[in-house]
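Student: Please take me slowly through one loop of this model, and then show me what surrounds it in the wider fold. I would like the backbone described with care before you move on to pockets and cores.

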Amino acid sequence: MAMKRVATSAIRAITSSEVSSPSSILTRELHATPGSKKIVGVFYKANEYASMNPNFLGCVENALGIRDWLESQGHQYIVTSDKEGPDCELEKHIPDLHVLITTPFHPAYVTAERIKKAKNLQLLLTAGIGSDHIDLKAAADAGLTVAEVTGSNVVSVAEDELMRILILVRNFLPGHHQVITGDWNVAAIAHRAYDLEGKTVGTFGAGRIGKLLLQRLKPFNCNLLYHDRLKMDPELESQLGAKFEEDLDVMLPKCDILVINTPLTEKTKGMFNKERIAKLKKGVLIVNNARGAIMDTQAVADACSSGHIAGYSGDVWNPQPAPKDHPWRYMPNQAMTPHISGTTIDAQLRYAAGTKDMLERYFKGEDFPPQNYIVKDGELASQYR
């Protein structure tokens, strides 16, 4: 029943044409001038799975559930999964689109070159969280607005991180593979299976997702650490049972388990290279649902092969989709998946509703919720500076 209430509430938000509260007028650059707008959405294909769940909105076939609404207002809505290369479907629409919607799960990489070609482009929307697939500096310089549905999948990602921690700590995957292959070797699993209780878990980043993870870890009686550019209020720290570590490199050797929860920026890109990984405790477990490019791909693969990293799990890759020869597919002791943590059905309902709300506000010349802005009036949000 609880799941049904969540779904019903989100569907109402998608189908409703009302805006919850009046907002001030946006700057002239984001006014939707009268007439039809060309809106392009880039999503993954669901193929035969598209019809299996009416709430499966984040795919090409169901297109966030907003096609009828947009077309009833006279707008053009083009949806594709074809996003790479000079002859792709997206490239054909770059010169005259007004709005581009994409997701972190099948990102359309919006380069400075594409922005330069997009003479009519005003608004870049991320259906989900994380807009690093966009050249944010180029977008700011061009006077574009970039926004995402902040908070839409934070619960989804935090729950997934907790699951991955347990999968690694308990050495779950080898046992599962034994069942599939017809084997039975308890020792091959048990020799490196541990309890989570009493372990030191550190999160690099303690924003919305990081805080939710710490909250979910507290009942496991772990030693919880966090490094973030902002220190939490002491009362919240006490509630979560988490200790602030001002210096990341001081925190790293303390961690039995490290979780990456920081945005991908110029500063964090490639941050976990061979040298920084060497600072981690031998046998560390790493969960990364943030962004693949925060890690040096080969350095992670090498550390997994040597045993310095005893287990690595996540759903983010560089690039995405990951090529078939990506080294993380073949490195030992990994529990990787495609980028799925933030695209649960519940999350899809939330980010579809949030995308529709921002499009409504765009058509009316109204402000978005302040927390949704990634680029506004030539300024980047603080987490991307």
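Tutor: Pro319 sits in the loop that runs between strand 11 (309-314) and strand 12 (334-336), and, since this is a predicted model, what follows describes computed geometry. The peptide bond that joins Asn318 to Pro319 is cis, with omega at about 0 degrees. A cis bond also leads from Gln320 to Pro321, where omega is near -10 degrees, and Pro321 too is placed in the loop between strand 11 and strand 12. This loop further contains Asn333, which is not a glycine and yet has a positive phi of about 60 degrees. Asn333 counts as partly exposed because its relative accessibility is 35%, which falls between the 20% under which a residue is buried and the 50% over which it is exposed.

Positive phi values can be followed to other places in the chain. Asn47, found in the loop between strand 1 (38-42) and helix 2, has a phi near 50 degrees, again a positive value in a residue other than glycine. Asn171, which follows helix 6, has a positive phi near 55 degrees. Asn171 and Ala193 are 22 residues apart in sequence, but their C-alpha atoms are 5.1 Å apart in space. Ala193 itself belongs to the loop between helix 8 (186-190) and strand 6 (200-204), and, leaving aside residues up to four places away in sequence, it touches Val169, Arg170 and Asn171. With a relative accessible area of 31%, Ala193 is partly exposed.

Helix 6, the element that Asn171 follows, has 16 residues and spans 23 Å from its first C-alpha to its last, close to the 22 Å expected at 1.5 Å a residue. Its buried residues include nonpolar ones such as Val157, Leu162, Ile165 and Val169, but also charged ones, among them Asp160, Glu161 and Arg164.

Helix 6 leads on to the pockets. The largest pocket holds about 1200 Å³ of space, and the elements that give two or more residues to its lining are helix 6 (154-169) and helix 9 (208-217). Helix 9 supplies the largest share of that lining, four residues. In total 48 residues line the largest pocket, with Gly207, Asn261, Thr262, Pro263 and Gln383 lying nearest its centre; by class, the lining divides into 18 nonpolar, 19 polar and eleven charged residues. The second largest pocket has a volume of about 610 Å³ and a lining of 26 residues, of which Asp132, His133, Ile134, Leu264 and Glu266 are nearest the centre. That lining has 13 nonpolar, seven polar and six charged residues.

The nonpolar cores complete the picture. The largest of them has 34 residues, of which Leu64, Tyr77, Ile101, Leu125 and Leu359 touch the most other members. Two or more residues of this core come from each of helix 2 (67-72), strand 2 (76-80), strand 3 (99-102), strand 4 (123-126) and helix 14 (345-364), and helix 14 gives the largest share, eight residues. Another core, of 31 residues, lies apart from it and includes Met251, Leu252, Leu264 and Ala322. Leu264 is thus a member of this other core and one of the residues nearest the centre of the second largest pocket.

How values were computed:
Residues are numbered from 1 along each chain as its sequence is written. This is a predicted model: local features need pLDDT of at least 70, side-chain atom pairs count only at pLDDT 80 or more; totals for chains, interfaces and linings use all residues. Side-chain values use heavy atoms; hydrogens and water are left out. Buried means under 20% relative accessible area, exposed over 50%, partly exposed in between (1.4 Å probe, protein chains only). Contact means heavy atoms within 4.5 Å. On a 1 Å grid over the protein atoms alone, a cavity is a set of points where a 1.4 Å probe fits but cannot get out, and a pocket is an open set with protein on both sides within 12 Å along at least five of seven lines; lining residues have an atom within 4 Å of a point. Grid points are joined across faces, edges and corners, and a volume is the space filled by probe spheres set on the points. A nonpolar core is a set of buried Ala, Val, Leu, Ile, Met, Phe, Trp, Tyr and Cys residues joined through side-chain atoms within 4.5 Å. The expected span of a helix is 1.5 Å times one less than its number of residues.
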